[in-house]
Structure formats: C-alpha cells, structure tokens
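This report is meant to be read alongside the sequence and the model. Please keep both in view while reading.

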Amino acid sequence: MNQEKFKTNSWRKIGMLIGLCACWQAHGQTTVTPYPKMAPLDQYLIPDRQAEIILARSAAPAAISDHATVLVLARHGYEAVIQGSNGFTCLVERSWMSPFDSTDFWNPKMRGPICYNPPATRSILPFTVKTTELALAGLSKSQINERIRAVVTHKELPMPEAGAMSYMMSKDGYLKDEAGHWHPHLMFHVPKTDAANWGANLHGSPVLLDTEHHDSPEPETIFMVPVGNWSDGTPATVPGSP
C-alpha cells in the first residue's frame, strides 16, 4: 500500500489521536469550531447495550476480543458488562479521547472501537476512564485538560507499561468527520519520545505518528501501524484509493 496515502487520512484516539489529515485547513476552516461544546449526553450514548458490545469487540480479531473484558459507556462512566479471561479490554471510545486541540473533541458521532492488551489495560485504560468521568461530570474541555495535567504531574495514574499496545481494526467505527472509519491499525503506547526513535512518518516506513495535534497531556506517544485487513479478516483499502 502507498504510505503517502496513509498520511493524507486521519483520526486521532482513540484516542485514541489520529489526526494525520489537514483537510479542514485546506478548506479554509481554520477558524471554524464545528463542535464548540459537549452535546446532550444522549447523543454520545448507545441505547442498545448489545450493539455497543458487538462494536467494542469488532476492534480486534475474534480470537482476542471474544475472550476480552468489555466495557460500555453509561451515564457516569464506563461499566464492565463482560469479564474476560485473556487480560484484554475492549470498549468504544468517544470524542473526548481526541487531543485537546482537535476540532472533533466534542463530536457526538465519534465511535472508536479499541481493544487494549494487558499492559495497556493496566497503564493506558485508566486515562480513558478518568477523562470520560470528567467529561460526563460536565467539565469543559479546558477544565478536563487542567485536571488531566494535574493527574500526570502528581503521578496519580501509571506511565505506559512496556509492551502496551491496542487494536483498532473495526470497519464499523467512526473516528473523525474527515476520516470515517479510517484504516485498520495497531497502536503502540510508549513513554513520550520523538518520531525519529521509531522511524515514524519517513518514506517507506509503516509507522505513523500524529504530528498535527500536540495538546495531549497523557505521558505517552502513540505510534500507529496500518494493517491490511479489518478485524473480520476482510481486506481493507485506504480511503479515497481505487
């Protein structure tokens, strides 16, 4: 697959994080904020709990997700509805897991199925849970940002564990307005580092790093590696390609 095509399509976090595309700038929308504040909570919830479970599990191949713990979003945060046996955790992230400088931060359409491996469940998932609790408590984006920075400063949540990674291979997610479900990919969560240390974004390299959005106070860098198939095994194509 053409690496340059990957770099013209984007998402964030999942958030999450995937924001490789600057299409909104190209269309002269630099001053437009399509989602200036949180929408009514019901727009972020999925009324059918079973549908959310299925969507969460679609993040990874069934051999992984069928044995994972599954969380669903309720009015006050994530709730475990299925207890897994392999240490993985699958859930559907919402838009507030985007970087704080993303125009999609409050996008109620965003649905980001993700499955964290055991090290990521222990060290990355706590940030998702905490950020979600703050958003559902009615805090503004700037207030959430301030709280998460304080949590990091006081080391109240863990640093990324060695080997922390996650699957985002669902064909049914909605990761960003310009990206749709983007492309199936793996994410590797490491302590803050530079793109050069992984050879990210270089010609011919399969490793991608979002360099457009910088306002993410979590103590991690997320490297993405696109893969060729969706979680159900069907071939994936880059959006906009033949």
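The text that follows takes up the sheet, then the helices, and then the salt bridges of this predicted model.

**The sheet and its edges**

Seven strands form an open sheet in the order β2-β1-β3-β4-β5-β6-β7, and the pairing within this sheet is mixed. The edge positions are held by β2 and β7, each of which has a single partner strand, so one side of each is left without a neighbour in the sheet. On average, and with direction ignored, neighbouring strands of this sheet are turned by 30° against each other.

Two of the pairings can be followed down to single residues. Strand β4, residues 112–116, pairs with β5 in the antiparallel sense over two bridges, and here cysteine 115 has tyrosine 167 of β5 as its bridge partner. Strand β6, residues 185–190, pairs with β7 over six bridges, again in the antiparallel sense, and in this case histidine 185 has proline 226 of β7 as its bridge partner.

Although β7 stands at an edge of the sheet, this strand, which spans residues 221–226, is mostly covered, with six of its six residues buried. The cover extends to both faces of β7: Thr221, Phe223 and Val225 are buried on one side, while Ile222, Met224 and Pro226 are buried on the other. Proline 226 is thus described twice here, as a buried residue of β7 and as the bridge partner of histidine 185.

**Helices against the sheet and against each other**

Helix α3 lies across β1 (69–74), β2, β3 (89–93) and β4, and runs at about 130° to β1.

A helix-to-helix contact is found between α6, residues 125–136, and α7, residues 141–153, whose axes come within 10 Å and cross at roughly 145°. This crossing of α6 and α7 is right-handed. On the side of α6 the contact is made by Phe127, Lys130, Thr131, Leu134 and Ala135, and on the side of α7 by Ile144, Arg147, Ile148, Val151 and Val152. Sorted by class, the residues of this contact between α6 and α7 are seven nonpolar, one polar and two charged.

**Salt bridges between separate parts of the chain**

Seven salt bridges are found in a search of the whole structure, and three of them are listed here with the N to O distance of each pair.

| Pair | N to O distance |
|---|---|
| arginine 49 and glutamate 79 | 3.3 Å |
| arginine 122 and glutamate 161 | 2.9 Å |
| aspartate 215 and arginine 149 | 2.3 Å |

In the pair of arginine 49 and glutamate 79, distant parts of the chain are linked, since arginine 49 belongs to helix α3 (residues 49–57) and glutamate 79 to strand β2 (residues 77–82), 30 residues apart. Arginine 49 counts as partly exposed at 41% relative accessibility, and glutamate 79 is partly exposed as well, with a relative accessible area of 36%.

Arginine 122 lies in helix α5 (residues 118–123) and glutamate 161 in the loop between α7 and β5 (165–168), so this pair ties together parts that are 39 residues apart in sequence. Arginine 122 is partly exposed at 49% relative accessibility, and glutamate 161 is partly exposed at 28%.

Aspartate 215 sits in the loop between β6 and β7, whereas arginine 149 is in helix α7, so the pair ties together parts that are 66 residues apart in sequence. Aspartate 215, with a relative accessible area of 21%, is partly exposed, and arginine 149 counts as partly exposed at 39% relative accessibility.

Notes. Residues numbered from 1 in each chain as written. Predicted model: local features only at pLDDT ≥ 70, side-chain atom pairs only at ≥ 80, totals over all residues. Heavy atoms only, no water. Axes fitted to C-alpha atoms, helices over the stretch in contact; angles between N-to-C directions. Helix = DSSP H or I, 4+ residues; strand = E, 2+ residues; numbered from the N terminus. Left-handed = near helix turned anticlockwise from the far one by under 90°. Contact = heavy atoms within 4.5 Å. Nonpolar A, V, L, I, M, F, W, Y, C, P; charged D, E, K, R; others polar. Buried < 20%, exposed > 50% of the residue type's maximum accessible area, 1.4 Å probe, protein only. Pairing = 2+ DSSP bridges. Salt bridge = Lys/Arg side-chain N within 4 Å of Asp/Glu carboxyl O.
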